[in-house]
Amino acid sequence: MRLLEYQAKELFKEFGIRVPESIASKDIEQGRIDAKKLGYPFVIKAQVPVGGRGKAGGIQKCNSDDEFEIKYPQILGMSIKGEKTRAILLEKMAEIEKELYLSLFLNRSKRCYTIIASSEGGVEIESVKNQTIKEVGLGDVGDETAKEVANEIGLQGSQEEEFVTMLKQLSKLTVEKEAELAEINPLAILKDGSIMALDGKVMTDDNSNFRHEELSKYQEKSELEERAEKSGFSLVELDGNIAVIGNGAGLVMSTFDMLADNGGKPATFLDVGGGATTESVYEALTLISKMNRVKGILVNLYGGIVKTTTVASAFIKAYDENLIDLPVFARLMGAESDKAKEMLKNTKTKIFDSVEDAINTAVMEVNR
Amino acid sequence: MTDIYELLRGQKDGNGNYQRQPVIVQGITGKYGSTHTKLMMEYGTNIVAGVTPGKGGQKFEDKIPIFEKVSEAVAATNAKISIVFVPAKFFLEAATDALESGIKLLVAIPEHVPVRDTMKIIELAKEKDAVMIGPNTPGVIIPNLTKIGIMPASPYSPGKIAVLSKSGTLLYEISNNLTTAGFGQSITIGIGGDPVNGTRMIDAFDMIKDDPELDGIVVVGEIGGDAEEILAQHIIDISFDKPIVGYIAGRRAPKEKRMGHAGAIVMGTYGSAESKIAMFTKANIPVAKRPGEVAVLLAGKMTT
C-alpha cells in the first residue's frame, strides 16, 4: 500500500519523527476551517500517490482567503500523471537552511533492508550522486550504524544526535509496519539548527495487511479494485478503451505490451489469477461491464488444466444475461478449443488461434 | 552451492537413468494441495508423504501416509524435497518446520507471503544449507522425470534448453512455444513474482549453467527489481558462451503500479524494462518483443 504524504506523516508523528504543523482535508468546507486554525501563510499540497507533483503545480503557497478560494479547488481538481488528487494537506512553511535525503528500503537483490542518506535532498534520489548506502539486515538500525550514517553525510553535534534519533525512529516504523520503503525527502535542517521531515513517502507490504488492521484506514481503493481484490484478481485501471483480461500477471503484462505496441489503448490490466473458471471469467466481465470507456475486451487465457469450453460458457452467460454487449477478442489456449469456438459462433466473441491475431482485430474494430 | 540436479534426480543408475527423488507435500489435504498432488503423481513425481497438522495417521488417496510434522515425514521417508501449499499466513511456520527437519529443497507455492516472512526463511535456509524456490512460484520441472509444482504437463518435453521465469503462465506459454519449435527443456525453474525470491535469477542460473547437457537458456523476466540486470552482468563477467534468449514483460506498464505480481513495479528507473533490455543487449542476449518470438530468436542463436 502506498501511503499519501499526510498518512505517512501521521505515522512519522506516531513514531516521534518531527514534521511541520499540518492538517489534511477532502473538501473546501473542511479546508476553510483548517486554514483558520493554521493561519496564513501556508502551502497547499496535493495528496497524490505519485511523484513529481511539485513540478506539476500540485504544491502552492497561499497567503490569503482570496488565494485560498482559488487555489484549493484548483489543486483538489488536479490530475497528476493520471492520478486524481485524493486530499489536500495545508502545511506551515519551514525556514529551511539545507535539504538532506534519508530512506530505508527493501533491497530486493541483496534481500535485506538498506539505508540511503545524502547531504543533497529535495530532488529525486536517482539524480543524487553523493549517496551513503548501508545494508541493515531486516531493518533494525542501532546507534552505531546511525552515527556512521550521520557522520558520512557531514552532521555533527546536536544535529548528529537528532539525526540518529530520527533514523532509529524511521527504522522502528519500517520494521513494525513492514514497510518496503520509508523515505524522508527532503529532511530539512532548519534555520534554527533543528531537523525536520518535510515530506514523507511510505510503502507497506500489501501481503502483510492481515497483520496490520491499524493501516486499513489508509486503504484507498476504488469500488472496482475492492471487488477485484475480493475475487482474488489484480486490477489496474487505465484510461484506454480496450480491457485486457488474462490469467497470470506475466501473461497479462505481455498481452498489455503487445496491445500497446500495436496502437491499442488498454483500459485495464486484469489478472484473474493462475487458474480460470467460469465463475472467475464471469466476475471479470462483470467488473468490465461497469466501465463506460471500454469499447472492446481482449482476453488471453492460457488454460493448461482448464477446459476452454468452461471459459466459453462464461461469455455466453454474460451475453444471455445482458451483462455485456461488447465485442470480445479472445485467445483461449487449452483443451477443447474447437468446441469453444463452435459454442461462441453466433455471439460477439471472436476466438483466435494466436494472441497477435486477436490484438490486431481488436485494435482495428475498436478504432473503427 | 546447492546442486539442484543432485537433489531432483540423483545419479544415473546402471541403465543410465536418473532416479525420481522422494518428495513431501505440505498442505496435502487442502483443495489446492490435493488437486496438484494428484496431478504430480500422474506425472510420475515420487510423492512419498504428506503433512497436515491434525490429520496425522490418515492416508492420501489410500496410499500416501500423512504426518503431523515434517520431521516425522522425513524420518519415515528420508525425503530432502518438500513442496508447500499452505495459505500464505501459515507459510512461515510450515517452511520453518521443513527446514528444521532437514529439507534441503523447499518449493514454495503460496502467493501473498509477507516479504518479512520470506526473508526470515531465506536466512534459515542459508543456515541449514538449504534452498527455497519461490514463494509465488509455479515450481520446478524436469520434463518426463519429475514435476514439483503446479504447472500443467502439456507444454513441456524433454530436451536441452533451461527456462528460468518470474511468471508462471508465461513460463507455460513460452515452454509450449519451445516444444512446438523442437526445443525440449532440460529443466524449467519458476523464480516467482515476489519482490524477494528464495532462488534469485542469478542463483537459478548458477544452479544449471554447468550441466554438460545444456544447449541454451531462456530467461523470462518482468519489470521490477534488478534481478535481470544482475544476471546479465554475471553472464558478461564469466564470459558464458552458450546461447541465451530473453523476454521482458511489462514494457508498456505504467510506473509505480503493481502489475499483478507483488514484485512487478517500477519505481523511478529502478525496475524498468528499458534498464533490463539495455543490460541484456549489453550481454549479447537478444530480447524477444513477444513470447511467440522467443523460439525464433533461440533458433537464430543456435545456428550462429
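How far apart are the centres of domain 2 of chain A and domain 3 of chain A, taken over C-alpha atoms? The separation is 43 Å. Hello everyone, and please keep in mind as we go that this is a predicted model.

Let me stay with chain A for a moment. Its domain assignment gives domain 1 as 21–91, domain 2 as 96–214 and domain 3 as 223–367.

Here is one residue to look at, A:Gln47. You will find A:Gln47 in strand β2 of chain A, which covers residues 42–47. Is A:Gln47 buried or exposed? A:Gln47 counts as buried, because 23 C-beta neighbours fall inside 10 Å and the cut-off for a buried residue is 20 or more. Setting aside neighbours within four places in sequence, the contacts of A:Gln47 include A:Leu4, A:Glu5, A:Tyr6 and A:Ala24. A:Gln47 is also in contact with A:Thr85, A:Arg86, A:Ala87, A:Ile88 and A:Leu89. As for A:Lys177, 130 residues away along the chain, its C-alpha atom is separated from that of A:Gln47 by 21 Å.

Now for the place where the two chains meet. Chain A brings 37 residues to the contact, and chain B brings 45 residues. On the chain A side, at least two residues each come from β13 (234–237), α7 (249–261), β15 (266–271) and β16 (296–307). Which element gives the largest share of that side? It is α7(A), with 10 residues. By character, the chain A side divides into 16 nonpolar, 10 polar and 11 charged residues.

Let's move over to chain B, beginning with a sheet. Seven strands make an open sheet with mixed pairing, in the order β3-β4-β2-β1-β5-β6-β7. At the edges, pairing on one side only, are β3 (59–60) and β7 (131–133) of chain B. Inside that order, β5 (residues 81–84) and β6 (residues 105–108) of chain B run parallel and are joined by four bridges. If you want a spot to zoom in on, B:Ile83 stands opposite B:Val107 in β6(B). Lying across β1 (23–26), β2 (47–51), β4 (64–67) and β5 of chain B is helix α3, residues 70–77, which runs at about 160 degrees to β2(B).

Next, a pair of helices in chain B. Helix α4 (residues 91–100) packs with helix α5 (residues 115–127) at an angle of about 5 degrees, their axes 10 Å apart. That angle is why α4(B) counts as roughly parallel to α5(B). From α4(B), B:Phe91, B:Leu92, B:Ala95, B:Thr96 and B:Leu99 meet B:Asp117, B:Lys120, B:Ile121, B:Leu124 and B:Ala125 in α5(B). Sorted by character, the residues of this contact are seven nonpolar, one polar and two charged.

Chain B has another open sheet of seven strands, again mixed in its pairing, ordered β9-β8-β11-β10-β12-β13-β14. Its edge strands are β9 (146–149) and β14 (287–288) of chain B. Strand β13 (residues 244–249) of chain B runs parallel to β14(B), with two bridges between them, and B:Tyr247 stands opposite B:Ala288 in β14(B). Helix α9 (residues 273–282) of chain B packs on this sheet and touches β12 (216–222), β13 and β14, with its direction at about 175 degrees to that of β13(B).

One last stop is helix α7 of chain B, residues 201–208. Its buried residues are B:Met201, B:Asp203, B:Ala204, B:Phe205 and B:Met207. What do they pack against? Their partners are α1 (4–9), β10 (158–165), β11 (185–190), β12 and α8 (227–237) of chain B. Thanks for listening!

Terms used:
Residues numbered from 1 in each chain as written. Chains lettered and ligands numbered in written order. Predicted model: local features only at pLDDT ≥ 70, side-chain atom pairs only at ≥ 80, totals over all residues. Domains from an automatic or database assignment. Contact = placed C-beta atoms within 7 Å. Nonpolar A, V, L, I, M, F, W, Y, C, P; charged D, E, K, R; others polar. Axes fitted to C-alpha atoms, helices over the stretch in contact; angles between N-to-C directions. Parallel < 35°, antiparallel > 145°, perpendicular 65-115°, else oblique. Pairing = 2+ DSSP bridges. Buried ≥ 20, exposed ≤ 12 C-beta atoms within 10 Å, placed from the backbone.
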